[in-house]
Amino acid sequence: MNHYTCPNCSVHLNVDGRLVLAIKTSDGRHGVVLMSDTLGDYNVHHHPSLNLQKGEKTNFYCPSCKGSLDYQKDKDMVRIFMQTEEGEEHTIIFSAIYGDQATFQISEERSKSYGEMAHKFLDPEWYLKDD
């Protein structure tokens, strides 16, 4: 099992196969989403009152420290950390746009991309560039 953690407080974010994250929409709706912790699986569960629409930008937060999970180099992306059972550490970056299926697994050795929207990022090393 992979372990996912908050980059701000290091609390574990996954429980029973799901990432547990807090979100807030641009119009102030907020709640909790449960996302599959399998990279490339885009099943998301949330309360119907969130009424998320495809293409809608959401802001993600740690449910423990309430710290922003925005990726500083691209505010439309979210950043968390992952450690594999073998102890390998990776940065996971995924789209904060509801319905965009784009996830990147980055380590010092290699990077992998998942999802049909990953092609939006034409430069495969966009995450390495300085601001």
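**Exercise 1.** Is Thr5 buried or exposed?

Solution. The model is predicted.
- Step 1: locate the residue. Thr5 belongs to strand β1, which covers residues 3–5.
- Step 2: take its relative accessibility, which is 16%.
- Step 3: apply the cut-off. Buried means under 20% relative accessible area, so Thr5, at 16%, counts as buried.
- Step 4: list its contacts. With neighbours within four places in sequence left aside, Thr5 is in contact with Ser10, Val11, His12, Leu13, Ile80 and Phe81.

**Exercise 2.** Classify Asn8 by accessibility and describe its surroundings.

Solution.
- Step 1: Asn8 sits in the loop between β1 and β2 (14–15).
- Step 2: its relative accessible area is 47%. Partly exposed is the class between under 20% (buried) and over 50% (exposed), so Asn8 is partly exposed.
- Step 3: residues up to four places away in sequence are not counted; Asn8 then touches Cys65, Gly67, Ser68 and Leu69.
- Step 4: for Ser68 there is also a polar atom pair, since the backbone oxygen of Ser68 lies 3.0 Å from a polar atom of the Asn8 side chain.
- Step 5: Phe81 is 73 residues from Asn8 along the chain, and their C-alpha atoms are separated by 10.0 Å.

**Exercise 3.** Describe the nonpolar cores and the place of Leu13.

Solution.
- Step 1: the largest nonpolar core has 20 residues. Tyr4, Leu13, Leu21, Phe60, Ile80 and Phe94 have the most contacts inside it.
- Step 2: at least two residues of this core come from each of β3 (18–25), β4 (30–36), β8 (74–83) and β9.
- Step 3: another core, of six residues, lies apart from it; Met77, Ile93, Phe104 and Ile106 are among them.
- Step 4: beyond four places in sequence, the residues touched by Leu13 include Tyr4, Thr5, Leu21, Cys62, Pro63 and Ile80.

**Exercise 4.** Work out how β10 is paired and which way its side chains point.

Solution.
- Step 1: β9 (residues 89–95) and β10 run antiparallel and are joined by four bridges. One pair is Ile92 with its bridge partner Gln105 in β10.
- Step 2: from β10 (residues 103–106), Thr103 and Gln105 point one way, while Phe104 and Ile106 point the other way.
- Step 3: all four of these residues are buried.

**Exercise 5.** Which residues lie nearest the centre of the largest pocket?

Solution.
- Step 1: the volume of the largest pocket is about 420 Å³.
- Step 2: of its 29 lining residues, Met35, Tyr42, Val44, Phe94 and Asp100 lie nearest the centre.
- Step 3: β3, β4, β6 (58–61) and β9 each supply at least two residues of the lining.

Definitions and conventions: Residues are numbered from 1 along each chain as its sequence is written. This is a predicted model: local features need pLDDT of at least 70, side-chain atom pairs count only at pLDDT 80 or more; totals for chains, interfaces and linings use all residues. Side-chain values use heavy atoms; hydrogens and water are left out. Buried means under 20% relative accessible area, exposed over 50%, partly exposed in between (1.4 Å probe, protein chains only). Contact means heavy atoms within 4.5 Å. Two strands pair if DSSP finds at least two bridges between them. A polar contact is a pair of N or O atoms within 3.5 Å; within protein, one must be able to donate a hydrogen and the other to accept it, and residues adjacent in sequence count only if both atoms are side-chain atoms. A nonpolar core is a set of buried Ala, Val, Leu, Ile, Met, Phe, Trp, Tyr and Cys residues joined through side-chain atoms within 4.5 Å. On a 1 Å grid over the protein atoms alone, a cavity is a set of points where a 1.4 Å probe fits but cannot get out, and a pocket is an open set with protein on both sides within 12 Å along at least five of seven lines; lining residues have an atom within 4 Å of a point. Grid points are joined across faces, edges and corners, and a volume is the space filled by probe spheres set on the points.
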